[in-house]
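Colleague: I am still learning how to read a structure, and I would like to go through this one slowly with you. Could we look at it together and take the questions one at a time?

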Amino acid sequence: YQRLSQGLSRSSRDLRDSIAGVFTKRKLDDDTLQDLEDVLLQADLGMETAIRVTDALASGRYGKEISGEEVRAVMAQEIEKVLGPVARPLELDLSHKPHVILVVGVNGTGKTTTIGKLAAKLTDGGLKVMLAAGDTFRAAAIEQLKIWGERTGSPVVSSKLGADAAGLAFDAFEKAKEAGSDVLIIDTAGRLQNKTELMAELEKIVRVLGKHDPDAPHTVLQTVDATTGQNALNQVEIFRNIAGVNGLVMTKLDGTARGGILVAIAAKHKLPVYFIGVGEQVEDLEPFSAGDFAKAIAG
Ligand code: GDP
């Protein structure tokens with residue numbers, strides 16, 4: 001929570017100042033509610049949540065003077081209501097051996113790092129993990145994954161640069177079965193510049209995994225960089241359509257994140273948020289808590 005609230009401290013301070021500015025000796029009326037809505041939209045919270053907050057305020061206190069502090073308390077409450085349903089722990093179905101986690105997302109959003117951190121968590125929990133370097137286009141991504149593999153004691157299946165990613169995923173599944181791995185985590189390329197190619201590649205990966213196990217991949221996890229702002233909403237839309245994303249990890253909440261975008265994504269997509277990334281180190285992956293997050297944003 002400390003890393004998160006530090007990461008969001010600047011934006012929550014800005015938000016606090018803006019809210020205080022709106023409500024200095026002013027009554028809660030149509031004008032102040034409109035100003036507040038603008039402030040919330042600027043914080044990337046999204047229209048749905050902005051309206052929730054202003055409605056909640058208006059229903060009890062319309063026409064009365066109200067402090068910035070009271071406004072922030074209601075805001076935290078409403079944000080928590082939006083986030084509560086999506087704050088869910090990642091559940092593995094270990095009747096599938098391996099449980100396959102396909103990790104997708106735009107390059108640079110933290111896929112490889114998140115895979116490393118997740119592998120550490122799972123191996124610490126006594127599970128046998130295998131990693132697959134499915135981003136066969138970037139030598140650096142393969143190298144990074146190998147480093148995480150060594151760090152966490154997880155074998156890494158990789159191929160030559162430029163090799164077919166689906167072929168690699170297929171082989172990795174076989175190896176994971178042979179090795180008796182509980183979980184197979186597959187990295188992928190996130191070249192959004194060429195959407196058709198990306199779509200074809202991810203679809204093929206999903207298809208070949210299905211040959212081993214019709215339910216695989218069991219989890220399709222997307223990493224979303226919290227510092228990207230509004231564009232993150234589109235990224236989720238795109239990868240959801242292409243790869244059937246069924247869970248999110250919001251990364252880089254320790255940096256210059258604004259955080260509000262997570263609320264907008266939760267309201268729109270209602271996908272579970274399993275973890276948040278709060279740094280580059282192995283321990284910097286935390287379960288997502290709706291209450292903590294709402295408090296950190298509202299300041
Ligand atoms: P990929 O291209 O999606 O695989 O992204 P990477 O895992 O290579 O991450 C891109 C950069 O973001 C690297 O420098 C990571 O160390 C950094 N990064 C990833 N997650 C976090 C996070 O939660 N916080 C911070 N501060 N940096 C992160």
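The conversation below turns to the ligand, then to a helix, and then to some loops of this predicted model.

Colleague: How many residues surround the ligand, and which helix gives the largest share of the shell around it?

Modeller: A residue belongs to these surroundings if one of its heavy atoms lies within 4 Å of the ligand. There are 16 such residues, and the closest are G108, T112, T113, D254 and E280. Four residues of the shell come from one helix, and this largest share belongs to helix α6, residues 111-124.

Colleague: How do the residues of that shell divide into nonpolar, polar and charged?

Modeller: Each residue of the shell around the ligand is placed in one of these groups, and the nonpolar group holds two residues. The other groups hold six charged residues and, finally, eight polar ones.

Colleague: Which residue has a polar backbone atom 2.8 Å from an oxygen atom of the ligand?

Modeller: Several backbone atoms can be considered here, beginning with a backbone N or O atom of T109, which lies 3.4 Å from an oxygen atom of the ligand. For K252, a backbone N or O atom lies 3.0 Å from a ligand oxygen. The distance of 2.8 Å that you ask about belongs to a polar backbone atom of K111.

Colleague: What percentage of the ligand's accessible area does the protein cover?

Modeller: The space taken by the ligand is the largest pocket. On its own, the ligand has 590 Å² of accessible area, and the part of this that the protein covers is 78%.

Colleague: Why can helix α11 be called largely enclosed by the rest of the structure?

Modeller: A residue counts as buried when its relative accessible area is under 20%. In α11, which spans residues 260-269, the buried residues include G260, I261, L262 and H269. The helix is therefore largely enclosed by the rest of the structure, since the number of buried residues among its ten is nine.

Colleague: Is D182 buried or exposed, and which residue has its C-alpha atom 6.1 Å from that of D182?

Modeller: D182 lies in the loop between α8 and β4. Its relative accessibility is 13%, so D182 counts as buried. Although the two residues are 83 apart along the chain, 6.1 Å separates the C-alpha atom of D182 from that of H99.

Colleague: Which side chain makes a polar contact with the side chain of H218?

Modeller: H218 has its place in the loop between α9 and β5, and its relative accessible area of 15% makes H218 buried. A polar atom of the H218 side chain lies 2.8 Å from the backbone nitrogen of V100. The side-chain partner, also at 2.8 Å, is D213.

Colleague: Where are the cis peptide bonds at P98 and P217?

Modeller: P98 sits in the loop between α5 and β1, and the peptide bond leading to P98 from K97 is cis, with omega near 0°. P217 is found in the loop between α9 and β5, where the cis bond, with omega near -5°, runs from A216 to P217.

Colleague: What is the phi of D44, and what is the phi of K252?

Modeller: D44, in the loop between α3 and α4, is buried at 8% relative accessibility, whereas K252, in the loop between β6 and α11, is partly exposed at 33%. Neither is a glycine, yet the phi of D44 is positive, about 70°, and that of K252 is positive too, about 60°.

Terms used. Residues are numbered from 1 along each chain as its sequence is written. This is a predicted model: local features need pLDDT of at least 70, side-chain atom pairs count only at pLDDT 80 or more; totals for chains, interfaces and linings use all residues. Side-chain values use heavy atoms; hydrogens and water are left out. A polar contact is a pair of N or O atoms within 3.5 Å; within protein, one must be able to donate a hydrogen and the other to accept it, and residues adjacent in sequence count only if both atoms are side-chain atoms. Accessible areas come from the Shrake-Rupley method with a 1.4 Å probe; for residues, only the protein chains shown count as cover. On a 1 Å grid over the protein atoms alone, a cavity is a set of points where a 1.4 Å probe fits but cannot get out, and a pocket is an open set with protein on both sides within 12 Å along at least five of seven lines; lining residues have an atom within 4 Å of a point. A molecule sits in a cavity or pocket if more than half of its atoms lie within 2 Å of its grid points. Helices (H or I, at least four residues) and strands (E, at least two) are DSSP runs, numbered from the N terminus. Ala, Val, Leu, Ile, Met, Phe, Trp, Tyr, Cys and Pro count as nonpolar, Asp, Glu, Lys and Arg as charged, and the others, Gly among them, as polar. Buried means under 20% relative accessible area, exposed over 50%, partly exposed in between (1.4 Å probe, protein chains only).
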